[in-house]
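Biologist: I should like a close look at the ligand site. Which residues are around ligand 1?

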Amino acid sequence: MPEEFKKLPTHIAIIMDGNGRWATARGLPRAEGHRVGTEAVRRVVRSCIDFGIKYLTIYAFSTENWARPQEEVNGLMMLLETVVVNELDELHREGVRIQHIGRLESLPAGLGAKIKKAVEVTRNNQRLVFTIAWNYGGRDEIICAIQNIIKDGIAPENVTEELVSGYLFTSNSPDPELLIRTSGEQRLSNFLLWQTAYSEWVVTPVFWPDFDKEDLRKAIIEYGNRDRRFGKVSSK
Ligand code: IPE
Ligand code: IPE
Ligand code: MG
């Protein structure tokens, strides 16, 4: 780990925002912002590997994003399909384990199958766990967990924090210590509601398509300087 980091988060979660505004500012269609945004994803995955980060989760399509114009929704679905297909071999070679959180059922069938294949092919990789939140909503995830807890007949006194965590889509990942949001917006937008209870927030004004290794480095340094108290008087 580079010395300047002081502390290295195990898990970084990112709300990738500002693709549309990045494009509009350049007189380009929003779709172009999304396309260039995939290059930022590639950079950030590589940077996480370089910095020794073990878990990276990116928020790429929320349950609320279905309310966008049909053309944009279709374009985003096609873009993810292209990325999953084109990047799979290289990510696999680099030891990246791909995971998905969210509901696969309501996605176009071809896309769901390609995501499942990428998850299956890379399941034993250990260098970086790269989780894509697609058709993901924090409330939807909690509803899904409650439904499954009831279906499994769990007794009320056995419902603990550990049990609930184990029923979430993220059951095999630690909670993110660092949450980054690009484009200056300061809200969670239904991302990882349970898991970010004690995450450190870093909001950067940079639009997602411009986000690079240096921005990630700065966010990790800022995280390293935070005093994480967890309700106590001091972390020391
Ligand atoms: C983030 O960029 C990508 C998705 C939410 C799919 P936006 O598309 O939200 O970009 P802005 O916020 O409109 O600029
Ligand atoms: C959050 O971004 C969702 C993703 C990054 C996938 P949005 O752009 O959809 O969020 P709001 O609508 O500005 O809160
Ligand atoms: Mg946005």
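Modeller: The following account describes the surroundings of ligand 1. This is a predicted model, in which local features need pLDDT of at least 70 and side-chain atom pairs count only at pLDDT 80 or more, while totals for chains, interfaces and linings use all residues. Residues are numbered from 1 along each chain as its sequence is written, chains are lettered from A and ligands numbered from 1 in the order in which they are written, and side-chain values use heavy atoms, without hydrogens and water.

The shell around ligand 1 (residues with a heavy atom within 4 Å of it) consists of Met16, Asp17, Gly18, Asn19, Gly20, Arg21, Arg30, His34, Ala60, Asn65, Arg68 and Leu76. By class, 3 are nonpolar, 5 polar and 4 charged; here Asp, Glu, Lys and Arg count as charged, Ala, Val, Leu, Ile, Met, Phe, Trp, Tyr, Cys and Pro as nonpolar, and the others, Gly among them, as polar.

Helix 1 (19-24) and helix 2 (30-51) each supply at least two shell residues, helices being DSSP runs of H or I with at least four residues, numbered from the N terminus. Helix 1 gives the largest share, 3 residues.

Polar contacts are pairs of N or O atoms within 3.5 Å. Polar backbone atoms of Arg21 and Asn19 lie 2.7 Å and 3.1 Å, respectively, from an oxygen atom of ligand 1. From the side chain of Arg68, a polar atom lies 2.7 Å from a ligand 1 oxygen. Of the 380 Å² of accessible area that ligand 1 has on its own, the protein covers 88% (Shrake-Rupley method, 1.4 Å probe).

Methods: A polar contact is a pair of N or O atoms within 3.5 Å; within protein, one must be able to donate a hydrogen and the other to accept it, and residues adjacent in sequence count only if both atoms are side-chain atoms.
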